[in-house]
Structures are given as C-alpha cells and as structure tokens.
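Visitor: I have a structure to look at and would like some help reading it. Could you take me through it step by step?

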Amino acid sequence: MPDVLDRPVGFPGVETLTDERAARRTLLAQVERLETELGQVFCATWPRTEMARPAVPGRGGGPRLLSLAELEELRDDLAGHIADARRALSDRTWVEEQNRRLIEEMMLDPARHKWRRVSAEDIGEPGCRHWHVRPRWSFIGMLMGWWRVVVSSGCPLAT
Amino acid sequence: MIDLELTDGWVEPELAEEFPELGLVHARVDVRPGGSPPEVKQRLRMLADRYTGGKVVHMRQDPVPWAYRVFSRQVGIDPDQDRTPVEAVALKRLKQGGLRSENVVDDALTIAIAETGVPLIALDAERVEGELGLRLAREGERLGDVRPLSARQLVVADSQGPVAVVLGEVGEHAGVTPETGAMVLCALGVKGVPRISLEEALWSAAETLYTDASA
C-alpha cells in the first residue's frame, strides 16, 4: 500500500497541456463588458471637465495576443478603475444635488442666503450661468432687506 | 461606374480562434495618388461641420466605434491613449477646428473612416506580394526591415512578411508613395461590426479616389 501512495502521478515524459480557451473566452467577454461600463462612466462625467477621467493604461508592445495572466490583470485594472470612477461620480453628484436644493432655497427666501452664489458647474451643468443673491437697488436694498436672486447667463466674450 | 472587387483576406487559425469575427476585406483601386480636387475638400469641410464636443464624447458609445474600442482593449491597447482611427479623426477635428486636406489618399481614408467608423489603410498594390491577411508577428520579425515588432503582435501581412500593424502604422516598404500606380484598400473587421460597414467604408474611399481620377 505505501508503494502505491508514493507512486508519482502521471507518466514520465508526457507533458500535460492546459486548455486555456474557455478561460480566455470568459476573460475577453469580461473585458468587453467592462469597457462598455467604462464608456458609460466616462460619458456620465461629461461636462464635468475637472473630474479625473477613468484611464486604464495599455499593456505595452502594441496590439498583441495577451497572455492569460495579462488578460486577468487587465480585467482587474478595468474593474478597479470603474469602481473608483463610479464612487467619485457618486460623491460629486451628491454635492450637486445639495447645490440644486440650495438654489431652490435661495429662490424661496433670498434674504436668508445673502450674497450666496451657485454656478452651473456646481450643479454639473455646462455653461457660465450662475445664481447670485443680491440686493435690489444696491445700498437701499441692503438697508431695506430687499434681496433677490439674479440669474446670469452667457459666457464672457472671448477677447 | 466604379468596379470594385472585394476580397476576404486570410486570418491565421490561432488569431481566428481568439477573435472569431476578426477579418480583413480588401480591394484593388487603380488610381494614382495626387492632390485633392475641390469636391473632396468641400466634402471634408461638410464632414467637419458635423462634429461637436458632445458628439465626440459620446462617440465611444456608438456601436461601431465602441466595437473597435473593445477590440483595442482586448489586444492590450489603451484606446484613450492610442486612439482608434475614427476617434483620432474626431479629435483632430476638435483640435484643428476643421479637417485639413492633405492629399487625395489621406482625404479619402479620412472621409471613409469618419463616415463609417471602420479603420482603413492604403497599400501600394505593386509592393504587396500574394494574398493579404492577418497574423501574429513571429519572433524577431520587423516591419519593413526597420521597425522591430514584438512577438505575437497583430499584423497585416502578405506572403513576404508584415506590411502594417493592426490599428497602427503602415510599413514604409508597402505604403503609398507619389509613384504608386494602383492601391489596395484594406478594412479591418472586428466583433460587432457588420460586414456591410466594411464594404461601405471601402466603397466610400474608392468613390473619393475615383472622383480625383475623373476630375
């Protein structure tokens, strides 16, 4: 019995080849799905130009057939970057939602938000528009408590 | 009337197994290169007017550009660094404020790529030997005896060796020159891109080249 247990597994001189095809197909499909998600996250961040774009570097060496390990590494990189980008976007949209609520409060009660200013960028929209709580008729308005929200639009002309 | 004979290139079995829908369609065009006629320049201007920042940002979600982005990623390229041809054209348009005319061959490829999203290359028909196809570069192989290729790199090859890198540069030894008498236009097909798009890209480029010839 000990002889049987000690006997080496396999046959000497016969090499076992692992069939990677199924694993490779799965990884390629995962990369495809993750690239789609990456595109969706990228498009969702627009027009927030100051936000870091999710970027996954290439593997180097031009277009080539990647090894199984490289495909796994690529899949993990993509998944990690997408998760980071989603989290950053989620944090940003929460702040934008708060700013939208602030604009509504400014509109309802301008006197409570004297001199407050919110820009289109603060609510994740393109353009140079901003909402600014200012007194009507300058000093008279300040003394009398006549406050209003001024909505400006249009970007300054290029010089 | 243009007479264009489309031919399917061969694909190395190992590559075909990894990417079953990978393909190369090519066609010979008996046209000499030269300057672009006014009609082609006008077409470039009209094409440039169609681009806006928002459209370029969302281009990556359009089916054909997306398919080439996925393929780029799967072969180890970062499509945000080494842009797919259609995105490169769009970015050039945004940076330059228009699409400048270079010569009729480059203009024809730009128009076809921008309209269909399919990457195209032009080769000198007289400097290509045998049938064209797609394969992996072999150990120590070079692109036109100049540029070293990494092992297992995806290349467009003829019977003599690699003539271009897939989604990359064309070897100088096989590229179009002012002395070229006839060209071979090649369109790369990947998963998610219908065959009709490849044919449309080749027809579009050939039509532009024949515009020049008939001018």
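Guide: The following turns discuss aromatic pairs, charges over rings, pockets and one helix.

Visitor: What kind of model is this?
Guide: The model is predicted, so to speak of local features a pLDDT of at least 70 is needed, side-chain atom pairs count only at pLDDT 80 or more, and totals for chains, interfaces and linings use all residues. Residues are numbered from 1 along each chain as its sequence is written, chains are lettered from A and ligands numbered from 1 in the order in which they are written, and side-chain values use heavy atoms, with hydrogens and water left out.

Visitor: How many aromatic pairs are there over all chains?
Guide: The search of the whole structure finds 3. Rings of Phe, Tyr and Trp (its six-membered ring) pair if their centres lie within 6.5 Å; planes under 30 degrees apart count as stacked, over 60 as edge-to-face and the rest as tilted. One of the pairs is Trp115(A) with Trp147(A), which is edge-to-face at 5.2 Å centre to centre and 85° between the planes.

Visitor: Why does that pair tie together separate parts?
Guide: Trp115(A) lies in the loop between helix H3 (68-108) and strand E1 (117-119) of chain A, and Trp147(A) lies in strand E3 (residues 147-152) of chain A, so the pair ties together parts that are 32 residues apart in sequence. Helices (H or I, at least four residues) and strands (E, at least two) are DSSP runs, numbered from the N terminus.

Visitor: And are those two buried or exposed?
Guide: Trp147(A) is buried at 11% relative accessibility, while Trp115(A) is partly exposed at 45%. Buried means under 20% relative accessible area, exposed over 50%, and partly exposed in between (1.4 Å probe, protein chains only).

Visitor: Which other Trp residues form an aromatic pair?
Guide: Trp137(A) and Trp146(A) do, edge-to-face, with 5.7 Å centre to centre and 75° between the planes. Trp137(A) is exposed at 60%, and Trp146(A) is partly exposed at 35%.

Visitor: New topic: which ring does the charged end of Arg60(B) sit over?
Guide: That charged end is over the ring of Phe42(A), 3.5 Å from its centre. In chain B, the charged end of Lys55(B) sits over the ring of Tyr51(B), at 5.5 Å from the ring centre. The criterion is that NZ of Lys or CZ of Arg is within 6 Å of the ring centre and within 35 degrees of the ring normal.

Visitor: What lines the second largest pocket?
Guide: There are 17 lining residues, of which Glu32(A), Phe19(B), Pro20(B), Gln74(B) and Lys191(B) lie nearest its centre. On a 1 Å grid over the protein atoms alone, a pocket is an open set of points where a 1.4 Å probe fits, with protein on both sides within 12 Å along at least five of seven lines; lining residues have an atom within 4 Å of a point.

Visitor: Which helix gives the most to that lining?
Guide: H4(B) does, with 5 residues.

Visitor: How much of H4(B) is buried?
Guide: H4(B) is mostly covered, with 10 of its 12 residues buried. Among them are Val64(B), Tyr68(B), Phe71(B) and Gln74(B).

Visitor: What comes just after H4(B)?
Guide: Gly76(B) follows there, taking a positive phi of about 90°.
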